[in-house]
Amino acid sequence: MDSASGAGASPPDPLGVLVVPTNSTTRETIPGPSSPPPPAAAASQPSRYESQKRRDWNTFLQYLKSHKPPLTLARCSGAHVLEFLKYLDQFGKTKVHVNGCPFFGNPNPPGPCACPLKQAWGSLDALIGRLRAAFEENGGRPESNPFAARAVRIYLREVRESQAKARGIPYKKKKRKRPAGVTVAVAKVTVGNVSVAAGSDQVGSSGGSSKMINNNSVADDHDNAGAGVIL
């Protein structure tokens with residue numbers, strides 16, 4: 001049997017490559033569905049942050065159109081942003097206990113209650129950050145950005161504090177990490193008859209060129225002052 005008689009029954013390629021028989025002795029291969037996309041197509045796909053920012057921006061624009069009376073972006077102010085944030089509370093999933101609730105301030109309530117569900121402070125804070133960036137990316141001026149209004153910042157701070165009390169979960173601000181190359185020495189080193197605090201760039205009147213040791217390397221004290229111990 002020649003090769004042309006069984007051309008229509010070629011088995012599937014396990015590597016996801018579709019083999020198309022031709023009349024010639026060579027075979028042409030076409031990438032199958034499971035093959036990775038070209039590098040250019042992968043690079044053009046927006047990130048998760050950019051996709052979420054675009055969805056948030058479209059949601060806000062739709063809110064302005066549905067507003068009574070309808071609003072334009074040029075007339076939008078910080079007060080309208082606050083209305084939008086309060087409007088989103090009806091879609092929230094975070095239980096926020098009221099003052100009269102027996103579970104007020106309890107981070108692990110033993111049972112259900114009738115307190116409302118609201119948007120968590122962290123979600124609102126991240127949302128405002130994305131909308132603030134989207135406003136300027138769509139031609140808005142930074143000085144007239146309604147998402148950066150003082151009233152919006154105050155509202156977010158009040159939501160954070162009230163939810164922390166109601167849920168019994170205190171807000172902890174993340175501490176900034178120091179760079180890995182920066183160290184602080186607390187010991188004192190005696191040079192001759194002079195006691196010098198570690199990290200200082202002066203050795204008194206004993207004279208000589210002071211050296212500094214940091215991570216087993218020696219350098220002039222003028223280069224990395226305060227990074228190690230003065231000898």
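This report walks through the overall fold, the nonpolar core and two buried helix residues of a predicted model.

## Overall architecture

Let's start with the broad view. The protein contains five helices and nine strands. Followed along the sequence, these elements come in the order β-β-α-α-α-β-β-α-α-β-β-β-β-β.

How much of the chain is buried? Of the 231 residues in the protein, 26% are buried. The exposed surface comes to about 16,600 Å², with carbon and sulfur atoms supplying 54% of it. As for how the chain meets itself, take the contacts with a separation of 6 or more: 47% of these are made by residues 24 or more positions apart.

## The largest nonpolar core

In soluble globular proteins, nonpolar side chains tend to be buried together. Here, the largest nonpolar core has 23 residues, and within it F84, L85 and F147 touch the most other members. Two or more residues of this core come from each of helix 2 (48-66), helix 3 (78-88), helix 4 and helix 5 (150-167). Which helix gives the largest share? That is helix 4, with seven residues.

F84 is a good residue to click on while you look at this region. Setting aside residues up to four places away in sequence, F84 touches T59, F60, Y63, L127 and L131. T59, F60 and Y63 fall within the 48-66 span of helix 2, while L127 and L131 fall within helix 4, residues 121-137.

## R130, a buried arginine in helix 4

Next, have a look at R130, which sits in helix 4 (residues 121-137). Is R130 buried or exposed? Its relative accessible area is 16%, and since buried means under 20%, R130 counts as buried.

What does the side chain of R130 make a polar contact with? Its partner is the side chain of D56, at 2.5 Å. D56 also appears among the residues that R130 touches beyond four places in sequence, together with Y49, Q52 and K53. These four positions belong to the 48-66 stretch of helix 2.

## V159 in helix 5

Our last stop is V159, a residue of helix 5. With a relative accessibility of 11%, V159 is below the 20% limit and therefore counts as buried.

Which residues does V159 contact, leaving aside neighbours within four places in sequence? They are W121 and L124, and both positions lie within the 121-137 range of helix 4. A120 offers one further reference point: its C-alpha atom is separated from that of V159 by 8.5 Å, although the two residues are 39 apart along the chain.

Notes:
Residues numbered from 1 in each chain as written. Predicted model: local features only at pLDDT ≥ 70, side-chain atom pairs only at ≥ 80, totals over all residues. Heavy atoms only, no water. Buried < 20%, exposed > 50% of the residue type's maximum accessible area, 1.4 Å probe, protein only. Contact = heavy atoms within 4.5 Å. Areas by Shrake-Rupley, 256 points an atom, 1.4 Å probe, with all protein chains shown as cover. Polar contact = N/O pair within 3.5 Å; in protein donor to acceptor, adjacent residues only side chain to side chain. Core = buried A, V, L, I, M, F, W, Y, C linked by side-chain atoms within 4.5 Å.
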